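Please work through the following exercises on helix packing and salt bridges with the structure at hand.

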Amino acid sequence: MNKLTAFFLLLLRLAIGWHFAAEGYHKLKGYWEGPTETVVGKSKPFSSAGYFREGTGPLAKYIRKEIGDPDEEALALLTPKAAESPNLPLHARTPPLLAQEWGDYVRRFGDYYGFNEEQRKKAEEALVKVEDSVVRWLTSKEVTDKNYKATTQEGRLPTPVRVDEYKQKLQELSEPKYSHLLSIGPDAEATRLHNVKAEVVRLRVGLLNDLDEYTQALRKELEAIATPEQKKAAEGKGHPPQPQPPAEANEKQKWIDLATMYGLTALGMCLIVGLFTRLACLLAAGFLLMTYLCMPPFPWLPAPPNNEGYYLFVNKNVIEMLALLALATTASGRWLGLDALLHWMLFGSRRRSAASET
Amino acid sequence: MALDLTDQQRAVGKANFNRTAEGLTRRGFMKSLVASGAAVAVATPAAYYGYKSITGNPVKAVLIGAGDEGGVLVGEHNPNYLEFLAVCDIRPSNMKRIFDGEPTGLRKGLKKVYGNRANNIKKLDSYDAFVDELRKNKDIEAVVIALPLCMHAKAAIDAMKIGKERGKPIHVLTEKLMAWNIKQCKQMIRTAKECGSILSVGHQRHYSLLYAHATEVINAGVLGDIRHIRALWHRNFTWPFDPKTVKDKLVEGVPQPYYRDGWFPPITHVDYDALHDKTDMLRKYGFDNIEQLIRWRLYQATGGGLMAELGSHQLDACSIFLGHVHPLAVSGVGVRSFFGPGRNDRDIDDHVFATYEFPGKNYAKDKNDVVIVTYSSISTNGFENYGECVMGDRGTLIVEKEESVMLFPENEPGKAKTPPRGTEVGVSATGKGEPVLESGSTWGGPTASVTGTSVGPTGRISRGYTEEMEDFAYCVRLWDPKLGYEKDRDGNYKQRLTRCHGEVAMVDAIVALTANYAMHTHQRVEFKPEWFNAELPDVPPSDQKAKVEVA
């Protein structure tokens, strides 16, 4: 091989290694620091949740099934049970997922503050009261409930109308119009889909924000039940319970995040120092393939936000992946790297001892 | 301020100010807004005050004094410029609050600002531990002092001296007022020069874009000749105190608040149990007992009263409005007419009224050209918003609550179509090219908000704390200890200093403390130029022997 070729291949390896390590370390630093809030702005530790949530590719769809699809979840929270009989009380129609979340929250809240029987009964009553009002909000054909401020512009429309529109936009997103693609071209279709996607997010966030008003109302009701003594006693126990989605999905999410942060850093370091170089190249390429499949630049899919440049089927991730695969075919780590040392320890010494025997 | 303005008139006043500032900028009378064609580029505070991002690591600092003001500084500092390695306070409740912060307001707390890194911040629970840390930890480059007033000089001078001993200067940013008396101010300035340390004082209005813009508009002359400024800060501390509002149990046997009063906080067991028997230690730092430590603002021996706490900021602003001049004389009345034994008792006055005589533009030629500045701070009525009202013969400028500026013209007889408060004005030029306010209906169209330039990323108007600490850190990074306080041929310091360094801040201390003296002795006191000269030993008659003397 031309020496210059080897030199640039080495540079390529170092550059990609640096890219991975820097990205990984940046994420890890945020994770170690935890959330911060300064005059300059707020920062949150890295989470891949948003990436997968907004991912358009086939892999993102699969992972969403594992960690929870935000749209499916939102619809589950916003769809009340059918009225089986006209006498059914309103709260009995609370969306099952919401009922489960809130029920769980009320239980944890009671445990945290050490509620007695009477208080638990009061808490159940408060739950029923808020459930009544949320079902009213979800089903009424007009905007009746003035108790809670509507936080979005759509808030002036009845909730079922908003949910229907949300569903309709989701439907639109899931069915790319191939006829459009052929007739009006990929660019126009991509723009249209991009807009629909933004619309879906806006509708979802708006509805969930309004729903949160009810969750917060529940929190306030519960806080009113706790006595000052109980509040004081609970002070040392860390943060009071928050209403949150089921824990299982969070666990998986956490695992994926940790693997991403440490994986990126480790792979980057391996590429820089030339340790297990071929394996690191393959794993890093695998990671890039994954990102590609989460947000592929296919013309019938909406372009991801913050996308600079224009990509058609091939994006920079693909190029970096191919570069890594090309590197994997070379013995780059033995040219310059710890692999040379490793190789010498495993094979070099044996060869020398074989030589000394003869 | 200007208590009879309607909302609509306020809106007109603010729009007038913005439009005027914009017009002045276009005509080259203001540097704050950079006009390029039709687009108006809005300057960032950093660009306006001439500092940049610091190169290298943030300046490593220790905070001593973690009370109300320390909490604000922690919440408002930018950790990219200034990073706290340690915090010192002898009150356990302060130590807890500086980390945990408050749910709302500026006091975010170290945990929120630094996230998990807050666990690495050292907690120092005594002054000795603080001194020890400065000696041992060579990484420390600066000290931020938010202690009670009587301790400012000692902490600042000790820190700077330790910096000199260890061969790497320790720079000081101390809260205002600079020191308890002027002798101490002069000692601090001298020590800074000897030790090659930067000494900066936290009069945050020096870094408020709002005040900077207001000053530029005044300097452009559109208000005409100024003969009077009225400044005030009125608060109402007469509402009964409700012990239920305090989470912790109150200590019995010590005076507890009778009225709700921010300066007379309740004493809880957290602090009392830790400190009440350490009177010897407290005496060493100027406090007779724990009460005096917690309510230091209320005692002449530990604080400086309303003039020092509130008045100094506003008189500072007035002297800047008038062109960085020193006042000629002060007289006033101060009374303690409301609080008393059993009712949030105190040493300091609860109503102060001071009248200052400042030199006008032509004072050098005409000794009658005097500007009267009145200042009042009272504790029993909070109807008016605090602020400053600058009255010129062609217009009035009102700065309110450090967050809005309004401008109103004086109407020329015969020309006025609307009463002045409803008149919209902009800037035009006279034949001589001087800008004047002119009313007219042609000023329509949206104005770029000048006040908006001081709005931070969180959407609030910066009062200057962030910029004051950023520039301090920037100066520390640029500082060459060898060059120190060398002056160039024109008598200016060669190195960059903060906008409110020791010599600037000493003026504010003289202005505030001399007013106290005039009120106590019921006389008119003339300011002497020697007092303002840090090189000379002369001090105002207000200077008394401090409890915490500095070697």
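Two exercises with worked solutions follow.

The model is predicted: local features need pLDDT of at least 70, side-chain atom pairs count only at pLDDT 80 or more, and totals for chains, interfaces and linings use all residues. Residues are numbered from 1 along each chain as its sequence is written, chains are lettered from A in the order in which they are written, and side-chain values use heavy atoms, without hydrogens and water.

**Exercise 1.** Determine how helix α12 (residues 277–294) of chain A and helix α13 (residues 316–328) of chain A pack.

*Solution.*
1. The angle is about 160°, and the axes are 8 Å apart.
2. Angles over 145 degrees count as roughly antiparallel, and α12(A) and α13(A) are therefore roughly antiparallel to each other.
3. The contact (heavy atoms within 4.5 Å) includes A:L288 of α12(A) and A:L324 of α13(A).

**Exercise 2.** Describe the salt bridges that B:R477 and B:E165 form.

*Solution.*
1. A salt bridge is a side-chain nitrogen of Lys or Arg within 4 Å of a carboxyl oxygen of Asp or Glu.
2. B:R477 meets B:E141 at 2.7 Å, N to O. B:R477 belongs to helix α14 (residues 465–478) of chain B, and B:E141 to the loop between α6 and β6 (142–145) of chain B, 336 residues apart.
3. Buried means under 20% relative accessible area, exposed over 50%, and partly exposed in between (1.4 Å probe, protein chains only). B:E141 is buried at 12%, whereas B:R477 is partly exposed at 26%.
4. B:E165 pairs with B:R135, the closest N and O atoms being 3.7 Å apart. B:E165 is exposed at 59%, and B:R135 is partly exposed at 45%.

Key:
Axes are lines fitted to C-alpha atoms, for helices over the stretch in contact, and angles run from 0 to 180 degrees between N-to-C directions. Helices (H or I, at least four residues) and strands (E, at least two) are DSSP runs, numbered from the N terminus. Angles under 35 degrees count as roughly parallel, over 145 as roughly antiparallel, 65 to 115 as roughly perpendicular and the rest as oblique.
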